[in-house]
Amino acid sequence: MISPKLEEALNVQMNSEFYSEFEYLSMAAYFHAMDLDGIANYFHVQADEERFHAMKIYSFINNKGGTIKLKSIKAPTVDFKSPIEVFERALEHEMLVTKSINDLMDGAIKENDHAVNSFLRWYVDEQVEEEALATKSLNRMKIFGGKGEGLLILDQEFASRTFTPPAEGN
């Protein structure tokens, strides 16, 4: 069994992960509109990862005998001023997710729930990777001011990015 407090917190996180999927799809749409399908692919992969994260929590709640509580998802940001702003927002978003995961982990520790604690460790490690990727991508975008040949180079590079779900147990 899972405590009602942790069940609620996990449901909130699951719904936040679904929102993250929408946010990244909106970012992808921005780049599709610019005919930068490679950079759009970068954000499609991010969206796929977020959906995977949400479904991982969904399965955990279900396996622990909890109740899944899907909520309405607010509309994502749709107006961006520049490619750099999109990557800045992506980094800011990942930092918010990190805080949310850390708060959830604090709750699991406080309730002495070893199963939830163990489950969340994967997310803690994942957020280190997510923030590092977002930071690196933003820094690279800033090098060339989000324009010109550098933008086209990133577009080509990001076109080959794929999402491969981690092996079970990871």
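**Notes on charges, rings and helices in a predicted model**

1. The charged end of Arg161 sits over the ring of Tyr42, at 4.7 Å from the ring centre. This is read from a predicted model, and Arg161 has a second partner, since its side chain also meets that of Glu49 in a salt bridge with an N to O distance of 3.7 Å. Glu49 belongs to helix α2 whereas Arg161 lies in the segment after α5 (148–158), so the bridge ties together parts of the chain that are 112 residues apart in sequence. Glu49 and Arg161 are both buried.

2. Tyr42 also takes part in a cluster held together by ring pairs, whose other members are Tyr24, Tyr30, Phe31, Phe43, Phe80, Phe87 and Phe158. The structure holds 15 aromatic pairs; for Tyr30 and Phe31, the ring centres are 5.0 Å apart and the planes meet at 85°, so this pair is edge-to-face. Tyr30 and Phe31 are each buried. Elsewhere, the charged end of Lys56 is placed over the ring of Trp122, 4.7 Å from its centre.

3. Helix α1 covers residues 4–33, and because each of its 30 residues is taken at 1.5 Å, a span of 44 Å is expected, which agrees with the 44 Å between its end C-alpha atoms. Just after this helix, Asp35 takes a positive phi of about 60°.

4. Of salt bridges the structure holds six, and one of them joins Glu7 to Lys69, with the closest N and O atoms 3.6 Å apart. This pair links distant parts of the chain, since Glu7 is in helix α1 and Lys69 is in the loop between α2 (37–63) and α3, 62 residues apart. Glu7 counts as buried because its relative accessibility is 12%, whereas Lys69, at 31%, is partly exposed. Together with Glu8, these two residues, Glu7 and Lys69, form a network of salt bridges.

5. A salt bridge within a helix is that of Arg89 with Glu85, where the closest N and O atoms are 2.9 Å apart. The two residues are four places apart in helix α3, which means that about one helical turn separates Arg89 from Glu85. Arg89 is partly exposed at 29% relative accessibility, while Glu85, at 12%, is buried.

6. Which side chain of opposite charge is nearest to the buried Asp113? It is Lys64, 4.9 Å away, and Asp113 has no salt bridge; the cut-off for such a bridge is 4 Å. Asp113 is placed in the loop between α3 (83–110) and α4 (114–143). Leaving aside residues up to four places away in sequence, Asp113 touches Ile2, Leu6 and Ala108.

Definitions and conventions. Residues are numbered from 1 along each chain as its sequence is written. This is a predicted model: local features need pLDDT of at least 70, side-chain atom pairs count only at pLDDT 80 or more; totals for chains, interfaces and linings use all residues. Side-chain values use heavy atoms; hydrogens and water are left out. Buried means under 20% relative accessible area, exposed over 50%, partly exposed in between (1.4 Å probe, protein chains only). Lys and Arg count as positive and Asp and Glu as negative; His and the chain ends are not counted. Contact means heavy atoms within 4.5 Å. Rings of Phe, Tyr and Trp (its six-membered ring) pair if their centres lie within 6.5 Å; planes under 30 degrees apart count as stacked, over 60 as edge-to-face and the rest as tilted. A charge sits over a ring if NZ of Lys or CZ of Arg is within 6 Å of the ring centre and within 35 degrees of the ring normal. The expected span of a helix is 1.5 Å times one less than its number of residues.
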